[in-house]
Structure formats: structure tokens, C-alpha cells
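Let's walk through this one together, with the sequence on one side and the fold on the other. We'll begin with a charged pair and work our way around from there.

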Amino acid sequence: MSVERWVQGLEARGTTPAGRQLLRTLLSQPDRASYSSAAQVAEMAGIDASNVTRIAQGLGFSGWPGLQDELRAQYLRSLTLVEIADRHSGEAASGPVQRSIEADRRALALLDVDAEICATIAARLAAAPTRLALGGGSFGAVAHIFASNCSLAGYPCAHLTEAGGVANAVARLGGDDVVLIFDFWWLYEGMKRAAAAARKRGATVVVVSDHPNTGLTRSATHVLTVPSEGGAYFPTMVPAIVVANAICTELALVDPERTKKAIRRSEQIWTEMEVMG
């Protein structure tokens, strides 16, 4: 979906004259607006700053941050990977390494982690008979990190990327099970189907994505939205890893003794493997 079609969809919901001014500004300056504060975007639109939150809420968002997240996601999806890289190549005169680091810092500064949701997810993970972490491409690495840390904490979690393996695993899910899906930039059809199938079977579906409103997130029990724009052709995974680690940190505190025992067992195996080598 283009930014223009997205804005048209928002306008169709009905809004005030000030709201239409704000939406026209989002359409004409999506890149700048997606990094601006409520006061800054109000100045850009020529409206009172106090109106921005009310307009966003009237459009169905929690406030300006929610509307801003959706804008950024829609804008990034309107660009090709080459266009994104070209945009960044014209940024500050710093070299590519510094540009990449700055992109990660900028993404982290935009990250807003809901601690209450993380705690809820951790509690469900602790009680679940089966835990799955799904993700392909570069974000599959985040799913792998999550599954490894979850298992280390004493709660075995499988990481799956292959379509057949995902289908077989989801088919065995029940109402007490939990699935975490990591998906960014472009939506994999297989992940959307996996989320819908898992939800149909009553499982808790947690989606960590840079887009708060897709066919994938609409099947989710919980959605954690993270920024993902990197400094080149590929997205940054740093904010997603931070969220994965935050959930695992909560999980490790659900039953500290269980986690300690699991870690001691792992350490014993590592020691035995070193001796054998």
C-alpha cells in the first residue's frame, strides 16, 4: 500500500479540517513527519499542537506515537531497498560504519517497550507446554536468539524457519501454547498463515514487527512494534533483539530457581564438552 492510499484510508474515517491539514502534511513530508514530535508536526501542518493527539485518537490510534509508527512503516514500504540505501548515502558526511551505528542509535531512541505486555507474554511462556519462535530472512536471527535465551532460562523453545516444519509444528498447537513471530518490512505470506492457524487453535500469538497493522498483526494476541530502518539496504535488528531480550529477562524472573537449575545444567554440559574436546 502506498502512503497516498494509506492517507486516503484515514481520511475516509472522517476527521476535522485540522485533521485534514495534518494528513496532508503526512502525505507531503512522510520522512520528516515520521521523526518529528507532536509539536514539530503541528508546526509543519500549521495547526495547534494540542490538536495532534486528539486527531490521532480520533483516527483510532492511542496518540501521535501510534500514528507516527504507522506512517513510518507505510513510508518505508513505499521505497525499494535501493531507494532506501540511496537516501542514507546522502546523509551526514560520516562514513558507512558510523552511518550504520547512528541508524541503530536512532532506531533505539524510537523504541518504546511496553513492560506490562512483556510481563504478560513472559507469564504465558512460562506456563506454555509448547513454545515456538518463527522468523525468516535476517529477522530469523532474532527468532533464533529469542529461542536460545528462552531455552537457556529453562523454558525450551523451538526456532523454525522452513515452511513444512512450521506447518507441522503449528498443527500440533493447543490453547495453552505460545508462538512468537518476528517479521519486518515485507510480510511473508507463510508467516501470516501461521499466525492465523495458531490463533485458530487457541494459541497465544505474539508478533514483533515494524508494522502495527497487517494481516499478520491482525491475527495476534499481542503486538510489539519496533523501529527497523537501518543505514543501508537492510533493516536494523537491534530494537527487535532488545525486545526479545526484555521478554527473556522477564521470563527468567518468573521462577528464578528453575532458571538457575537450567543454567547450571547447561554450564555442566559445556564443561563436559570442553573436557571431551
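Is E102 buried, partly exposed or exposed? Keep in mind as you look that this is a predicted model. With a relative accessibility of 32%, E102 falls in the partly exposed class, since that class runs between the 20% and 50% cut-offs. Its side chain has a partner, too: E102 and R105 form a salt bridge, with N to O at 2.8 Å. The two sit 3 residues apart in helix α8, which covers residues 96–110, so about one helical turn separates them.

How many salt bridges turn up in the model by this rule? The count is 2. For the other pair, head along to helix α14, where the side chains of E257 and K260 meet at 3.9 Å, N to O. The cut-off is 4 Å, so this pair, at 3.9 Å, makes the count. The spacing follows the pattern we just saw: E257 and K260 are 3 residues apart in α14, with about one helical turn between them. Both ends are partly exposed, E257 at 44% relative accessibility and K260 at 42%. As a general point, side chains of opposite charge can pair when their charged atoms come close.

While you're on α14, have a look at the charges that gather into a patch. R258, K261, R264 and R265 make up a positive surface patch, and K261 belongs to this helix, which spans residues 256–276. There's a negative counterpart to find as well, made of D69, D112, D114 and E116. E116 lies in helix α9 and is exposed, with a relative accessible area of 64%.

Now go back to the end of α8 and the loop after it. Which residues make the nonpolar surface patch of about 190 Å²? They are L108, V113 and V242. L108 is still in helix α8, and at 36% relative accessibility it is partly exposed. V113 sits in the loop between α8 and α9, and is partly exposed as well, at 33%. L108 also links up distant parts of the sequence: its C-alpha atom is 7.6 Å from that of P227, although the two residues are 119 apart along the chain.

From the surface, turn inward. The largest nonpolar core has 32 residues, and the members that touch the most others are L125, F146, L180, F182, F184 and I247. Which elements give two or more residues to this core? Three are helices, namely α9 (115–127), α10 (140–152) and α13 (238–252), and they are joined by the strands β3 (178–183) and β4 (204–209). Of these, α13 gives the most, with 6 residues. Notice that α9 has come up before: it is also the helix that holds E116, the exposed member of the negative patch.

One last stop is helix α11, residues 163–171, which is home to A169. Is A169 buried or exposed? It is buried, with a relative accessible area of 8%, and the cut-off for that label is under 20%. Its C-alpha atom lies 9.5 Å from that of A198, and the two residues are 29 apart along the chain.

Definitions and conventions
Residues are numbered from 1 along each chain as its sequence is written. This is a predicted model: local features need pLDDT of at least 70, side-chain atom pairs count only at pLDDT 80 or more; totals for chains, interfaces and linings use all residues. Side-chain values use heavy atoms; hydrogens and water are left out. Patches are made of residues with over 30% relative accessible area and no salt bridge: like charges are joined within 9 Å, nonpolar side chains (Val, Leu, Ile, Met, Phe, Trp, Tyr) within 5 Å. Accessible areas come from the Shrake-Rupley method with a 1.4 Å probe; for residues, only the protein chains shown count as cover. Lys and Arg count as positive and Asp and Glu as negative; His and the chain ends are not counted. The place of a charge is taken as NZ of Lys, CZ of Arg, CG of Asp or CD of Glu. Helices (H or I, at least four residues) and strands (E, at least two) are DSSP runs, numbered from the N terminus. A nonpolar core is a set of buried Ala, Val, Leu, Ile, Met, Phe, Trp, Tyr and Cys residues joined through side-chain atoms within 4.5 Å. Buried means under 20% relative accessible area, exposed over 50%, partly exposed in between (1.4 Å probe, protein chains only).
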